[in-house]
Amino acid sequence: RDLLVSDPLTRRMLATRKGSVCLSGWKKSTRRLRPAVTMAAYAHGGGRLPSQWNAPPIAPTNAPAHKKRHHSSLPFWNQSTWGGAASNTRLHASSRDDSDARLRALLNDSDEKAARAGGGGGGRRINGPSYNGVFALLAINFVLFALDHLFHQNWVKWLYLNHQRPVWFQFVTSTFCHANYAHLSSNAFFLYIFGKLVEEEEGTFGVWFAYLATGIGANLLSYLLQPASPIVSVGASGAVFGLFAVSALVKLLRGLQWRTLLESVILGQFVVERVRDEVRNQVAGGATLAGLPVGHVAHLGGALAGVVLVLALNGLPSGDERTRR
């Protein structure tokens, strides 16, 4: 980490280890460097050890005798390792190739171990998912809220689901609109938490598909149970309740491992409590948020749509099963 490399070949060899090599100038410090890195620096530093980097370069082996320079005052650790000072004064091309191969093998082995440790054998990226789907959904919700409530763009109101005169696209667009900031803030928090859980398992397309499918299901159930009512439905809460159910069931269906079982118990308990509260509030006449009535029917419809979605997709044959058929 403290080695500063100026030799072009060494720089290319070590470029795969991000953050481990600085690419400017020479420096004599070699703290915490692995032996293979020190060997490579010796091989491509003109045949000089770190303690000799300020010394004149060693002439090639095939140079005339009067142009050769011998440096016999080498550290004791290097003499014992490499077989004496005389062998260190010259480094043949084969030795350089051997050190190159050893360094590459060491770096590749380290990368493979990091990939196995970070990915858990499941093919995930070492750096983890980027959550592009969740952040895209959040961005759309915040942009439409700003256009509606800060810039007062009246056309955004056409995206609300009007139960008296519904238009087909409103069943989709209303899931991205919100009545006030308290409404947006609550939904954004749960969308961020549970959307990431779904995207970790199903990817960007999966979280988008689950959001839209459960959001549409929530609006359909709300419209069917409250037809021709003077009601305007907005909010991502139906889709968020769908993500509640999807995240819990996906973890449960991954396999009977103690980690997934523990995750499923924690998520499932939360989802059951939320659904029970929605049923209780709907029976009691409904709750309000910032003075506006809450659509408990849409919440329950989103959770139901999430359960149906996961069970339906889980019942489809996999690629291997289709191939065998």
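These are my notes on helix packing, a surface patch and a salt bridge in a predicted model.

**Entry 1: α8 against α9.** I started with helix α8, residues 181–225, and its contact with helix α9, residues 237–253. I get a packing angle of about 50°, and the axes are 6 Å apart. Anything from 35 up to 65 degrees is neither roughly parallel nor roughly perpendicular, so I put α8 down as oblique to α9. I also looked up the hand of this crossing, and α8 and α9 cross left-handed. Then I sorted the residues of the α8–α9 contact by type: 14 are nonpolar, nine are polar and four are charged.

**Entry 2: a salt bridge on α8.** How many salt bridges does the structure hold? I find five. One I wrote down in full is Glu 201 with Lys 251, where the closest N and O atoms are 2.9 Å apart. Glu 201 sits in helix α8 and Lys 251 in helix α9, so this pair ties together parts that are 50 residues apart in sequence. As a reminder to myself, side chains of opposite charge can pair when their charged atoms come close.

**Entry 3: α8 against α10.** Next I checked α8 with α10. The angle here is about 135°, and the axes lie 14 Å apart. Roughly antiparallel needs an angle over 145, so I have α8 as oblique to α10. I noted a left-handed crossing for α8 and α10.

**Entry 4: α10 against α11.** Helix α10 covers residues 258–283 and helix α11 covers residues 296–315. They pack at about 150°, with 9 Å between their axes. That angle is past the 145 cut-off, and α10 and α11 are therefore roughly antiparallel. The hand is left again, since α10 passes α11 in a left-handed crossing.

**Entry 5: the nonpolar patch.** Last, I went over the surface. Which residues make the nonpolar patch of about 370 Å²? My list reads Phe 135, Phe 189, Tyr 192 and Ile 193. Helix α8 turns up here too: the largest share of the patch, three residues, comes from α8. I looked up Ile 193 separately and found its place in helix α8.

Key
Residues numbered from 1 in each chain as written. Predicted model: local features only at pLDDT ≥ 70, side-chain atom pairs only at ≥ 80, totals over all residues. Heavy atoms only, no water. Axes fitted to C-alpha atoms, helices over the stretch in contact; angles between N-to-C directions. Helix = DSSP H or I, 4+ residues; strand = E, 2+ residues; numbered from the N terminus. Parallel < 35°, antiparallel > 145°, perpendicular 65-115°, else oblique. Left-handed = near helix turned anticlockwise from the far one by under 90°. Nonpolar A, V, L, I, M, F, W, Y, C, P; charged D, E, K, R; others polar. Patch = residues over 30% accessible without salt bridge, like charges linked within 9 Å, V, L, I, M, F, W, Y side chains within 5 Å. Areas by Shrake-Rupley, 256 points an atom, 1.4 Å probe, with all protein chains shown as cover. Salt bridge = Lys/Arg side-chain N within 4 Å of Asp/Glu carboxyl O.
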